[in-house]
Amino acid sequence: MTSTRPAPASQQPVQQVADEMIGVRGLRKSYTVKHKRKTVSVDAVRGIDLSVRRGEIFGFLGPNGAGKTTTMRMLTTLIEPDGGEATIAGVDLRRAPGEVRRRIGYVAQGGGTTDEVTGREELVLQARMHGMGRAEAERRADAALSAFDLTEYAGRKCATYSGGQRRRVDIALGVIHDPTVLFLDEPTASLDPQSRARVWDEIRRLRENGMTVFITTHYLEEADALCDRIAIIDHGEIVAEGTPDQLKHEISGDVVMVELDPVADQTVALLGELPVVSQVDTTDTGFVRLYVPDAGLAIPQILRALDGAAVEFGKIELQRPSLDDVFLAKTGRSLRES
Amino acid sequence: MTAVAAGPVAVRRQPDASPTKFLRETWLVFARQMLIVRRTPIRLVIGIAQPIAYLLLFAPLLKPALASVGARTTADAYRIYVPGLLVILVLLSSLFTGFSLLAELRAGIIERARVTPVSRFALLLGRALSEVATLMGQALLITVLAIPFGLSVRIGPLLLAYVLLIVMGLLAASLSYAIALLIKSPAALGPLINTFAQPLALLSGVLLPLTLAPHWLIAVARWNPFYWSTNATRALFGGSVSDPAVWKGMLLMVVLLVPVMWWSVRLFAKRVR
């Protein structure tokens with residue numbers, strides 16, 4: 001830990017940068033792919049900026065092929081960026097990738113355990129690959145096994161583990177050397193709800209111990225429940241960044257659903273022209289979806305307008321926008337479709 | 001752990017390329033791979049079944065067949081045939097080891113190791129060494145099994161022959177890693193390696209010495225490095241360390257091993273994604 005000197009109020013932003021565990025500026029990566037005998041360059045990541053502070057759980061969301069995994073693989077030293085800069089745990093990614101590797105943990109989506117060996121053997125080897133001696137490695141492995149509630153399975157071969165057990169071994173492997181920053185690629189993909197909740201608890205526990213956690217996910221409920229802040233990447237660019245609540249507010253304060261029979265274009269246009277309505281959508285269930293800054297102010301005006309035009313309407317529902325609404329508004333697609 | 005200089009940000013606590021760090025990491029990777037070999041004995045059985053079948057079912061035919069190259073006794077015939085058999089074993093198994101690299105890449109095992117400070121060279125060399133160590137165990141078994149048939153060898157030249165086989169194995173394994181990293185598809189790797197492994201083995205004279213071959217075939221074989229190393233292995237099984245074939249084969253293997261290994265490590269560092 002670096003000592004925190006009392007700083008004058010004017011230097012607060014500087015203090016924050018000092019606590020920045022992942023700082024990314026203009027990071028770029030393109031691939032050349034052969035397509036019908038022609039070599040085509042594909043911009044996977046087009047100059048992104050990110051900032052993650054100490055002790056945050058930061059969620060990186062995006063549909064498949066948006067540049068999520070490419071970004072994570074650059075930040076974990078697995079592939080070299082084409083341009084831009086990044087600082088991980090205070091170390092320059094491009095100048096000292098070896099030093100970055102000492103300070104980060106990485107858990108790939110597919111894990112990476114060997115079927116023929118036991119969970120404990122994997123943990124001991126991982127610790128030794130991080131430079132620990134045998135005794136120290138064994139001590140750490142046993143501590144990790146008990147922390148992740150794996151002691152019971154420690155001596156069993158990895159091939160015999162269930163999905164949830166294997167995932168916990170993967171995460172234990174990623175944190176065996178007590179990294180400053182932990183990268184998790186889709187940590188709960190293909191897990192049942194119980195195992196997922198379990199993994200969330202483990203991640204929260206790591207954060208409580210001061211670890212900074214960067215996760216990619218395409219589960220919106222995961223991002224909402226687990227992450228302090230999120231960024232949405234689409235076509236290689238960051239299209240939104242903030243806390244889940246900020247993002248939900250940003251697209252619009254609230255969503256008012258009005259049931260109409262029939263959903264006449266005239267009525268939709270009428271509602272869209274109201275000053276309190278920022279956006280109108282129709283659903284295929286006979287509802288009109290109105291994005292409004294403040295539902296409390298908007299609803300009376302909506303009712304008055306409908307009455308004035310003598311339009312029949314059914315139910316009125318109030319919805320808080322979900323992260324999927326944010327996603328839809330920012331990328332034009334629902335994440336659930338991808 | 002060694003003492004570190006105390007400082008606010010002690011970047012580069014350990015040099016990234018110290019020889020002890022490298023040896024230690026190579027050993028870690030080697031020991032892990034050997035553990036997997038011990039846990040899957042079936043792979044050893046499959047690997048050695050074919051050479052043993054050749055030793056038991058084919059080699060007895062050789063005394064009359066090899067009479068023209070000076071084999072007067074069964075012992076002579078085995079002295080000519082067994083080294084060839086060991087070269088096939090080492091060459092073909094090592095050339096196919098790229099498969100296991102691709103499998104481990106696919107399973108994410110290597111990726112996990114690449115996000116640790118472990119040297120990339122150690123990740124590759126530890127694997128190649130475990131492959132070669134397994135092969136040497138099999139080679140020893142074949143040698144011992146050939147003794148009741150009349151094979152007699154002197155221990156000094158035999159050990160030197162094993163050293164030569166180790167270098168050949170490392171060379172072939174590095175070559176296989178490099179090709180696997182270029183091709184990246186297990187489905188394409190098999191046919192490709194088969195295509196050049198078979199002629200490479202035949203052109204080394206592993207089944208019958210190429211002294212029996214017509215001139216044009218020998219002329220072609222002289223371009224095959226493994227022809228020279230096979231001749232060297234035979235000379236060593238014949239007990240003559242001073243035969244010029246020995247130093248020629250040895251030197252050629254070592255001289256080739258360095259750039260091929262460097263090439264495969266480079267590809268491993270650059271190409272793996």
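# Notebook: a predicted model with chains A and B

**Entry 1, helix H2 of chain A.** I began with helix H2(A), where A:Lys68, A:Thr69, A:Thr70, A:Thr71, A:Met72, A:Arg73, A:Met74 and A:Leu75 are buried. I keep in mind throughout that this is a predicted model. A residue counts as buried here if 20 or more other C-beta atoms lie within 10 Å of its own. Because eight of the eight residues of H2(A) meet that test, I wrote down that the helix is largely enclosed by the rest of the structure. Just after H2(A) I looked up the backbone of A:Thr77, which takes a positive phi of about 70 degrees.

**Entry 2, what H2 lies across.** Which strands does helix H2 of chain A lie across? I found that H2(A), residues 68-75, lies across strand E3 (57-61), E7, E8 and strand E9 (229-234) of chain A, and that the helix runs at about 150 degrees to E7(A). A second helix that I looked up, H12 (residues 323-331) of chain A, lies across E9 and E10 of chain A and runs at about 35 degrees to E9(A).

**Entry 3, the sheet itself.** I then followed the strands from one side to the other, and found an open sheet of six strands in chain A with the order E6-E7-E8-E3-E9-E10 and mixed pairing. The edge strands are E6 (104-107) and E10 (237-242) of chain A, each of which pairs on one side only. Neighbouring strands of this sheet are turned by 15 degrees against each other on average, when direction is ignored. Looking at one pair in detail, I saw that strand E7 (residues 181-185) and strand E8 (residues 212-217) of chain A run parallel and are joined by five bridges. A:Val181 has A:Thr212 in E8(A) as its bridge partner.

**Entry 4, a hairpin in chain A.** How many bridges pair strand E1 with strand E2 of chain A? I noted 13 bridges, in the antiparallel sense, between E1 (residues 20-35) and E2 (residues 38-53) of chain A. Within this pairing, A:Arg28 has A:Arg46 in E2(A) as its bridge partner. The hairpin of E1(A) and E2(A) has two residues between the strands, and A:Lys36 takes a positive phi near 50 degrees there. E1(A) also pairs with strand E4 (residues 83-88) of chain A, again in the antiparallel sense, over five bridges. In that pairing I found A:Ile22 standing opposite A:Ile88 in E4(A).

**Entry 5, chain B.** Turning to the other chain, I looked up its elements and found 12 helices and zero strands in chain B. The C-alpha trace of chain B spans about 75 × 40 × 35 Å along its principal axes. I checked the radius of gyration as well: because a compact globule with 273 residues would have a value near 19 Å, the 21 Å of chain B agrees. Of the 273 residues of chain B, 40% count as buried. Among the contacts in chain B with a separation of 6 or more, 79% are between residues 24 or more positions apart.

**Entry 6, where the chains touch.** Last, I looked at the contact, which takes 27 residues from chain A and 24 residues from chain B. On the side of chain A that touches chain B, helix H3 (97-103), E6 and helix H4 (119-129) of chain A each supply at least two residues. H3(A) gives the largest share of that side, with four residues. Sorted by class, the side of chain A that touches chain B has 11 nonpolar, 11 polar and five charged residues.

Definitions and conventions
Residues are numbered from 1 along each chain as its sequence is written. Chains are lettered from A and ligands numbered from 1 in the order in which they are written. This is a predicted model: local features need pLDDT of at least 70, side-chain atom pairs count only at pLDDT 80 or more; totals for chains, interfaces and linings use all residues. Two strands pair if DSSP finds at least two bridges between them. Axes are lines fitted to C-alpha atoms, for helices over the stretch in contact, and angles run from 0 to 180 degrees between N-to-C directions. Two residues are in contact if their C-beta atoms, placed from the backbone, lie within 7 Å. The radius of gyration is taken over C-alpha atoms; the globule rule is 2.2 Å times the number of residues to the power 0.38. A residue is buried if 20 or more other C-beta atoms lie within 10 Å of its own, exposed if 12 or fewer, and partly exposed in between; C-beta atoms are placed from the backbone. Ala, Val, Leu, Ile, Met, Phe, Trp, Tyr, Cys and Pro count as nonpolar, Asp, Glu, Lys and Arg as charged, and the others, Gly among them, as polar.
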